[in-house]
Amino acid sequence: DRNPFDGLQTQVIPDESKQVYVSVETLQPVFEIADTQWRTILALCRFGGLRCPSEVLKLRWSDIDFKAGRMKVTASKTEHHAGKAIRRPPIFPDLQPFLEAARQEKVNRWVVPDYRDPEQNLREPVTKLVERAGVDLWPKLFVNLRAAAITDLLRDTHDVKLVAKWVGNSPGII
């Protein structure tokens, strides 16, 4: 008889205090103490703009084409949109050395061979790693890294549509 949602706020208002830019300098001490897999995970988010864990953990070595300078990213978040299940962004220059280092330790078909359990919480080990590096924790560990990548790509290319295509967003979301 009555809508229980009547009177509730229906508009999402972003919490600007959680919108933090994570600079490369901020992340550097974390890279210095992290093992290759964690450096790769963080670099894929920070320099590649990948979603973590969904896109990072689906990445296989067969998806990385060093010669062409591109990677194939499988995006479960956008796969229900026509033509949005896969995107092929460049391997950005800042990301390349991390992928090269991970390739040296290649143990199987996955770029990140551990942490395959979808129930595993990646936030806790990253939190410990960041704290151990002596870096102040940013509010949204993986989302802020991805957002920083998008910010840098926009600054460098000035092309919203191209950046949106690379990171799997619509231009209006960026």
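Here are legends for five close-up views of this predicted model.

**View 1. The main nonpolar core.**
Start with the inside of the protein, where the largest nonpolar core brings together 40 residues. Leu44, Val56, Ile64, Met71 and Phe142 are the members that touch the most others. Helices α1 (24-33), α2 (36-46), α3 (54-58), α4 (96-104), α5 (123-132) and α6 (141-157) each give two or more residues to this core. The largest share comes from α2, with 6 residues.

**View 2. Ile64 and its contacts.**
Who does Ile64 meet beyond its neighbours within four places in sequence? Its contacts there are Leu59, Arg70, Met71, Ile91, Leu99 and Val111. Another core, of 6 residues, lies apart from the largest one, and its members include Phe92, Ile150, Leu153 and Val167.

**View 3. Helix α2, mostly under cover.**
Of the 11 residues in α2, 10 are buried. Among them are Trp38, Ile41, Leu42 and Leu44, along with Thr36, Gln37 and Arg46. What do these buried residues pack against? The partners are α1, α3, β2 (70-71), α4, α5 and α6. At the N-terminal end of the helix, Asp35 acts as a cap: one of its side-chain oxygens sits 3.2 Å from the backbone nitrogen of Gln37.

**View 4. Two cysteines without a bond, and a cis proline.**
How many disulfides does the structure hold? The count is 0. For Cys45, the nearest cysteine sulfur is that of Cys52, 4.3 Å away. Why is there no bond between them? A disulfide needs the two sulfurs within 2.5 Å, so at 4.3 Å the sulfur of Cys52 is too far from that of Cys45. Cys45 is buried, at 0% relative accessibility, and Cys52 is buried too, with a relative accessible area of 15%. Right after Cys52 comes a twist in the backbone story: the peptide bond from Cys52 to Pro53 is cis, with omega near 10 degrees. Pro53 itself belongs to the loop between α2 and α3.

**View 5. Two loop residues with positive phi.**
Tyr115 and His158 are shown here one after the other. Tyr115 is in the loop between α4 and α5, and its phi is near 65 degrees, a positive value in a residue other than glycine. His158 is in the loop between α6 and α7 (160-167), with phi near 60 degrees, again positive in a residue other than glycine. Which of the two words, buried or exposed, fits Tyr115? Tyr115 counts as buried, at 18% relative accessibility. His158, on the other hand, is exposed, with a relative accessible area of 66%.

Definitions and conventions. Residues are numbered from 1 along each chain as its sequence is written. This is a predicted model: local features need pLDDT of at least 70, side-chain atom pairs count only at pLDDT 80 or more; totals for chains, interfaces and linings use all residues. Side-chain values use heavy atoms; hydrogens and water are left out. Buried means under 20% relative accessible area, exposed over 50%, partly exposed in between (1.4 Å probe, protein chains only). A nonpolar core is a set of buried Ala, Val, Leu, Ile, Met, Phe, Trp, Tyr and Cys residues joined through side-chain atoms within 4.5 Å. Helices (H or I, at least four residues) and strands (E, at least two) are DSSP runs, numbered from the N terminus. Contact means heavy atoms within 4.5 Å. A polar contact is a pair of N or O atoms within 3.5 Å; within protein, one must be able to donate a hydrogen and the other to accept it, and residues adjacent in sequence count only if both atoms are side-chain atoms.
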